[in-house]
Amino acid sequence: MNQHDLLNVRHTSVDEAKAAMADLLEKRPSNHSLDAPLYNDPHMFRADMEEIFQKEWLFVGMTSEIPKKGDYFTVEVGQNPVLVVRDGEGNVNAFHNTCSHRGSLICTEHRGKVANLVCPYHQWTYDLKGNLLFAGTEMNKDFDKAQHGMKPTFCKTAGGFIFVCLGKKAPNDEFDEFLETLKHYMEPYDVENTKLAVESTMYERANWKLVLENNRECYHCSASHPELLNTLLEWDDTEDPRAPQDFLDHYAEQAAKWDAEGIPHKLASFGSVQRNRIVRMPLKKGTKVMTIDGDKASNKNLGRIKNAELGSMRILHLPNSWNHMQSDHFIVFRVLPVSAQETIVTTKWFVHKDAVEGVDYDPENLRKVWDATNEQDKVLGERNQLGINSIGYRPGPYSETFEFGVINFLNWYSDTMLKHLK
């Protein structure tokens, strides 16, 4: 079988998988988990990558990770390496991290600083806007540098968050409205004057959708997350149907203090199934931030914040991020698929840029709660995957009160996949 035949076989398999996916998604009960192939089939995983991760807006990082001209970081979206860099005018640009000459990676480190972008293979050189500056003297006289710049991806920023889209066109629907709201809600934190304090990368042997499903409910929290529940109230948002009156009273008391300081807090959601959502939630009474003892993690509050009991502003962005913004630090989470049964979860902790490690904050104290929680979730996700791989698995029902967030996520996933598959 020649290479052409192999490509035809591969494409046929994926096309067949997409047709089977559409059939499964159209028939699925909206309050049940997915059929097993949607969690473990490699062809359906490739369809996820093509229809979700190569067409939708993805969270990749924060602007304060690249504060100055030439600062960059790289990220891999499946087999697509992406480069995010700050140019001389202060703009954040994103490109496919591949040279226009022979396709080599240009930036090979996870993060760094450059004057120009130089391919290590043949030294083709690009400026920070992706324009080709130098291609050697060996190219013929008709060679036009202007036609061989780096290929950009769509890139938008708001409130310090960086999003990219790898598609031929970028979906807008409610996304721009979400970005405007995100900018408003993030204003008190002054993200440009924060810095990355700690970063962790966790490899999980589970499908990316299982990672998101686990995050979208706290049904499992009481049995699995003792460190997290030292401070976290398990209600999903201020409209959680399970929330008791004492929580609502606690929220109202805290909200009055937030209003006095001009801190946004009301639930804002976008799309019929909360694809994007922002809400400020109080933590347990007497606690300030998500540390083991609930006391502050850093001596320097962020931005213009004065009230240490700011709770946690939870920001959800499907398909790949959830986040916790607090008074003295914030935590962002990024989910990127590796294969049908492998996912990378990256967690980053940010503090005020003037906070001094070992003086104003202890990195171990800063990360302890979510290190433990991530590891616990990893175990749960991997067990979930192993059970789904069994011939004994069949889709089961979700609780419409405890797991409504999971139902929302899978409804968004199903609607988005069907939209792209048609």
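**View 1. Cys165, a buried cysteine at the end of S10.** Cys165 is buried, with a relative accessible area of just 1%. This is a predicted model, so read every close-up here with that in mind. Cys165 makes no bond to another cysteine, because the closest cysteine sulfur, in Cys155, is 11 Å away and that is too far. A disulfide here would need the two sulfur atoms within 2.5 Å. Cys155 itself counts as partly exposed, because its relative accessible area is 25%.

**View 2. Strand S10, covered on both faces.** S10 takes in residues 161-165, and five of its five residues are buried. In a regular strand, side chains alternate between the two faces of the sheet. Here one side carries Phe161, Phe163 and Cys165, while Ile162 and Val164 sit on the other, and all of them are buried. So what you see is a strand with both of its faces covered.

**View 3. The partners of S10.** Strands of a sheet pair through backbone hydrogen bonds, either parallel or antiparallel. Which sense does S10 use with S1? Antiparallel: S1 (residues 58-62) and S10 share four bridges. Look for Gly61, whose bridge partner in S10 is Ile162. S9 (residues 154-158) also pairs with S10 in the antiparallel sense, over five bridges. In that pairing, Ala158 stands opposite Phe161. S9 and S10 make a hairpin with two residues between them, and Gly159 in the turn has a positive phi of about 60°.

**View 4. The stretch annotated as a Rieske domain.** An unreviewed UniProt entry gives residues 57-164 the annotation "domain: Rieske". Over residues 57-164 the model has 0% helix and 40% strand. The C-alpha atoms at the two ends of this stretch are 6 Å apart.

**View 5. The disulfide of Cys218 and Cys221.** How many disulfides does the model hold? The count comes to one. This disulfide joins Cys218 to Cys221, with the sulfurs 1.9 Å apart. The link is left-handed, at -110° about the S-S bond. Both ends are tucked away: Cys218 counts as buried because its relative accessibility is 11%, and Cys221 counts as buried because its value is 4%. For contrast, Cys155 is in no disulfide, and its nearest cysteine sulfur is that of Cys165.

**View 6. An open sheet of seven strands.** Follow the order S11-S17-S16-S15-S14-S13-S12 and you have walked across the seven strands of an open sheet with antiparallel pairing. S11 (194-204) and S12 (268-270) stand at the edges, each with a single partner strand, so one side of each has no neighbour in the sheet. On average, neighbouring strands are turned by 15° against each other, direction ignored.

**View 7. S16, S17 and the helix packed on the sheet.** S16 (residues 330-339) and S17 (residues 342-352) run antiparallel and are joined by nine bridges. Within this pair, Phe330 stands opposite Phe350 in S17. Helix H5 (residues 208-215) packs on the sheet, where it touches S11, S15 (321-325), S16 and S17. The direction of H5 makes about 150° with that of S16.

Note on methods: Residues are numbered from 1 along each chain as its sequence is written. This is a predicted model: local features need pLDDT of at least 70, side-chain atom pairs count only at pLDDT 80 or more; totals for chains, interfaces and linings use all residues. Side-chain values use heavy atoms; hydrogens and water are left out. Buried means under 20% relative accessible area, exposed over 50%, partly exposed in between (1.4 Å probe, protein chains only). Two strands pair if DSSP finds at least two bridges between them. Axes are lines fitted to C-alpha atoms, for helices over the stretch in contact, and angles run from 0 to 180 degrees between N-to-C directions. Contact means heavy atoms within 4.5 Å. UniProt positions are given in the numbering used here, feature names are shortened, and annotations may be inferred rather than shown by experiment.
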